[in-house]
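Student: I have a model open on my screen and would like to understand the labels attached to it. Could we go through them together?

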Amino acid sequence: MAQWHATMPYSGNGATVCASNKETLLIHDKISCLRSSFVSQKFGARLSCFRGYPIGLTHGSITAESRVRKGIQAVLTSVAEKGGGLRGKLNKVVLAYSGGLDTSVIVPWLRENYGCEVVCFTADVGQGLKELEGLEEKAKASGACQLVVKDLKEEFVKDYIYPCLRAGAIYERKYLLGTSMARPVIAKAMVDVAKEVGADAVSHGCTGKGNDQVRFELTFFALNPDLNVVAPWREWDITGREDAIEYAKKHNVMVPVTKKSIYSRDRNLWHLSHEGDILEDPANEPKSDMYMMTVDPEDAPNQPEYLEIGIVSGLPVSINGRKLSPASLLSELNEIGGRHGIGRVDLVENRLVGMKSRGVYETPGGTILFTAVRELESLTLDRESVQLKDSLALKYAELVYAGRWFDPLRESMDSFMEKITETTTGSVVLKLYKGSVMVTSRKSPFSLYRQDISSFESSQIYDQADAAGFIRLYGLPIRVRAMLNKGI
């Protein structure tokens, strides 16, 4: 007779429930239960429950449902009595907190399942003051012991956005990496806060289908591998927004949403992304009222606006001669670009986890800066440097997209980008008009462009007659192959 026995080690209280072929329950050194699907249905547990230890199935016996229920309940009760939770015991968890539905629900879930204090952490990366209003009250009402807010805007732009801008990093031809760059700066700050408050774990509200879970956790691994990581969306039985809303109601948590489907948005100083709702069908055109940072190009001013961007060693430093901090400069360009309808991108991208997803992005200031820096490089970099830099930019973007910001490879590539753009200094004048960015002027003291050489007029440096010998030598392989084919 076929029998099954499922075992999962558990460090919560050292107890074990074993299902024997006599349909009895014994307490030993580890928790044993029936098949994971049965446990999930009856007790809300998943394969990653009990602090993430895996469940292994071995040949054992099938125990009566009632006895299994009693045995597991006994273990969970024992854990709770010792100050733990349904899934284990953590002391203090730092949660990446936005005040939205998911993170509001995670607070009571962490306390219930891990018997821990929850410190909510919010990073100000330029998402706007409106999203930061009332967060402390919301966090504490959800059961958090405190809320920590850090202003990371300047660090975000200077240490994350600008290196990607200098590298020319664009993912899959269109995506300017707005969310990808923000996650490591937030995760780094979480690690710092965990040290400050004495937390032994960190948690995030990323789903198991997206890229952000990888970006957060690779940063945690790189900066403090000793921290426990709790990812509720990979553990709990909440399967969607409606389940989350019901859980919130059950635990008296106020959430600012209804069951009506809405866009999923992520905003920071670099961009605003839109996903979900009608965008999930790539055949649907985005609704005009969806956009928040940019006006419809058709409604943009009928007169163009000219901007001069000052650049030093590949990094922007001024607008129209006014020197600004990185965050201030980007913020002003967002406003200017937004009113001209600059920077809208509709993209179907390949997620790191394997699926395709469709998103619409608004990146007005970023689009202006990418255009300016690239145009200045056309003056300051030679052909081989441009080609190598562009090829490495693809890999650089891939690493950032995949959450490998603190990977030695990206850091080494960043050193190359810094060196190769040492002379990318000068200014670029751009013309903004109804969604387009056009270059009208570019200047650099390190320009490799020589009018006296490039001119069609006669030049002492370039003798046109020299081209004949160059062409004969450059085309020699082609000529030899043709001779071979003709039997010459």
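**Reading the labels**

Tutor: Gladly; let us begin with helix α4 (residues 135-142), where the buried residues are Leu 135, Ala 139 and Ser 142. They span an arc of only 65° around the axis, which puts them on the same side of α4. This is a predicted model, in which local features need pLDDT of at least 70, side-chain atom pairs count only at pLDDT 80 or more, and totals for chains, interfaces and linings use all residues. Residues are numbered from 1 along each chain as its sequence is written, and side-chain values use heavy atoms, with hydrogens and water left out.

Student: What makes a residue of α4 buried or exposed?

Tutor: Buried means under 20% relative accessible area, exposed over 50%, and partly exposed in between (1.4 Å probe, protein chains only). On the face of α4 turned away from its buried side, Glu 137 and Ala 141 are exposed. The buried residues pack against α3, β7 (117-124) and β8 (146-151). Helices (H or I, at least four residues) and strands (E, at least two) are DSSP runs, numbered from the N terminus.

Student: How do you know which way the buried residues of α8 point?

Tutor: In α8, Ala 244, Ile 245, Tyr 247 and Ala 248 are buried. Seen down the axis, they fall within an arc of 160°, so they line one face of the helix. The arc is that of the directions from the helix axis to the C-beta atoms. Lys 249 and Lys 250 are exposed on the other side of α8, and α3 is among what covers its buried residues.

Student: Why is Met 438 called partly exposed?

Tutor: Its relative accessible area is 34%, which lies between the limits of 20% and 50%, so partly exposed is the right label. Met 438 sits in strand β19 (residues 436-443). Leaving aside neighbours within four places in sequence, Met 438 is in contact (heavy atoms within 4.5 Å) with Val 429, Leu 430, Lys 431 and Tyr 433.

Student: Why does Lys 92 have no salt bridge?

Tutor: A salt bridge needs a side-chain nitrogen of Lys or Arg within 4 Å of a carboxyl oxygen of Asp or Glu. For Lys 92, which is buried, the nearest side chain of opposite charge is Glu 117, at 4.1 Å, so the pair misses the cut-off. Lys 92 belongs to strand β6 (residues 92-96).

Student: How many aromatic pairs are there, and why is the pair of Trp 109 and Trp 236 called edge-to-face?

Tutor: The count comes to 10 aromatic pairs. The rings of Trp 109 and Trp 236 have centres 5.7 Å apart and planes at 85°, so the pair is edge-to-face. Rings of Phe, Tyr and Trp (its six-membered ring) pair if their centres lie within 6.5 Å; planes under 30 degrees apart count as stacked, over 60 as edge-to-face and the rest as tilted. Both Trp 109 and Trp 236 are buried.

Student: What makes the pair of Tyr 175 and Tyr 361 tilted?

Tutor: Their ring centres are 4.6 Å apart and their planes are at 35°, so the pair is tilted. Tyr 175 is in the loop between α5 (153-167) and α6 (178-197), and Tyr 361 is in strand β17 (residues 356-362), 186 residues apart.

Conventions. Lys, Arg positive; Asp, Glu negative; His and termini not counted.
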